[in-house]
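Work through the exercises below with the structure open. Try each task before reading its solution.

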Amino acid sequence: MQTLYDLAAEHQQLVNMAADNDEDFAAALADTLDANDQQIDDKIEATVIVARQLESDAEACKAEAKRLSERAKILERNAGACKERVVWCMENIGKKSIKRPLFTITRQAGRPIAAIDSVDDLPDDYLVTKTTTAPDKKLILERLKAGEGVPGCHLDNGKPSLRVS
């Protein structure tokens with residue numbers, strides 16, 4: 001089975017052949033080009049079918065990944081709830097440590113954290129300002145299309161795409 005690349009190269013070789021003044025050769029070349037065109041069309045159709053199947057598989061993988069991610073979050077939340085119940089129980093019964101054959105369970109005191117009561121009351125020294133800067137591509141494109149120069153930019157064509165209808 002020839003690849004799409006092979007068929008395209010073969011087509012170009014056939015197009016480059018000169019029929020000169022030989023009618024029989026010209027007719028045979030035309031028939032061969034027609035057959036080659038049909039093979040290319042068949043190969044393109046088959047390739048698009050494969051591409052669509054791969055896109056479908058990718059969507060199924062994304063959906064499964066989302067489902068598994070949600071499941072992992074639920075399991076993590078349940079594990080956290082179990083640990084909170086153990087801490088609550090150990091605090092209520094006054095146990096600091098429990099030794100078992102599999103492991104030792106120890107209730108630790110919480111580490112110091114900064115609890116913010118009101119952000120508005122904080123002095124500026126204790127605030128961090130976060131900003132992001134990004135090019136306004138929509139505005140830049142509009143200006144470039146209008147013929148205006150934008151320093152550091154130029155009008156270009158994007159990558160060709162395929163539309164299947």
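**Exercise 1.** Classify Glu59 in this predicted model: is Glu59 buried, partly exposed or exposed? Then find which side chain Glu59 meets in a salt bridge.

Solution.
- Step 1. Take the relative accessible area of Glu59, which is 47%. Partly exposed covers the range between 20% and 50%, so Glu59 is partly exposed.
- Step 2. Look for a partner. The side chain of Glu59 meets that of Lys62 in a salt bridge, at 3.5 Å from N to O.
- Step 3. Test the distance. A salt bridge needs the nitrogen and the oxygen within 4 Å, and 3.5 Å passes.
- Step 4. Place the pair. Both Glu59 and Lys62 lie in helix H2, three residues apart, about one turn of the helix.
- Step 5. Classify the partner. Lys62 has a relative accessible area of 53%. The cut-off for exposed is over 50%, so Lys62 is exposed.

**Exercise 2.** How many salt bridges does the structure hold? Describe the one formed by Arg67.

Solution.
- Step 1. Give the count: three salt bridges.
- Step 2. Name the partner of Arg67. It is Glu64, with the closest N and O atoms 2.6 Å apart.
- Step 3. Check the spacing. Arg67 and Glu64 are separated by about one helical turn, because they are three residues apart in helix H2.
- Step 4. Compare with the surface classes. Arg67 is partly exposed at 43% relative accessibility. Glu64 is partly exposed too, at 35%.

**Exercise 3.** Where is Glu148 found, and which side chain does Glu148 meet in a salt bridge?

Solution.
- Step 1. Locate Glu148. It sits in the segment after helix H3, which spans 137–145.
- Step 2. Find the contact. Glu148 and Arg143 meet through their side chains in a salt bridge of 3.9 Å, N to O. That value is within the 4 Å limit.
- Step 3. Assign exposure. Glu148 is partly exposed at 41%. Arg143 is partly exposed at 37%.
- Step 4. Set sequence against space. Glu148 and Thr131 are 17 residues apart in sequence, and their C-alpha atoms are 28 Å apart.

**Exercise 4.** Which residues gather in a patch of negative charge on the surface? Place Asp41 and give its exposure class.

Solution.
- Step 1. List the members: Asp31, Asp34, Asp37, Asp41, Asp42 and Glu45.
- Step 2. Place Asp41. It is in helix H2, residues 23–93.
- Step 3. Read the accessibility. Asp41 has a relative accessible area of 46%, so it counts as partly exposed.

**Exercise 5.** Which residues form a nonpolar patch on the surface? Locate Leu127.

Solution.
- Step 1. Name the members: Ile116, Val119 and Leu127. Together they have about 260 Å² of accessible area.
- Step 2. Locate Leu127. It lies in the loop between strand E2 (104–106) and H3.
- Step 3. Assign the class. At 37% relative accessibility, Leu127 is partly exposed.

**Exercise 6.** How many disulfides does a search of the whole structure find? Follow up with Cys82.

Solution.
- Step 1. State the result: zero disulfides.
- Step 2. Check Cys82. The nearest cysteine sulfur is that of Cys89, 13 Å away. A disulfide needs the two sulfur atoms within 2.5 Å, so Cys82 is in no disulfide.
- Step 3. Add the exposure. Cys82 is partly exposed at 39% relative accessibility. Cys61 is exposed, at 54%.

Terms used:
Residues numbered from 1 in each chain as written. Predicted model: local features only at pLDDT ≥ 70, side-chain atom pairs only at ≥ 80, totals over all residues. Heavy atoms only, no water. Buried < 20%, exposed > 50% of the residue type's maximum accessible area, 1.4 Å probe, protein only. Patch = residues over 30% accessible without salt bridge, like charges linked within 9 Å, V, L, I, M, F, W, Y side chains within 5 Å. Areas by Shrake-Rupley, 256 points an atom, 1.4 Å probe, with all protein chains shown as cover. Lys, Arg positive; Asp, Glu negative; His and termini not counted. Charge placed at Lys NZ, Arg CZ, Asp CG, Glu CD. Helix = DSSP H or I, 4+ residues; strand = E, 2+ residues; numbered from the N terminus.
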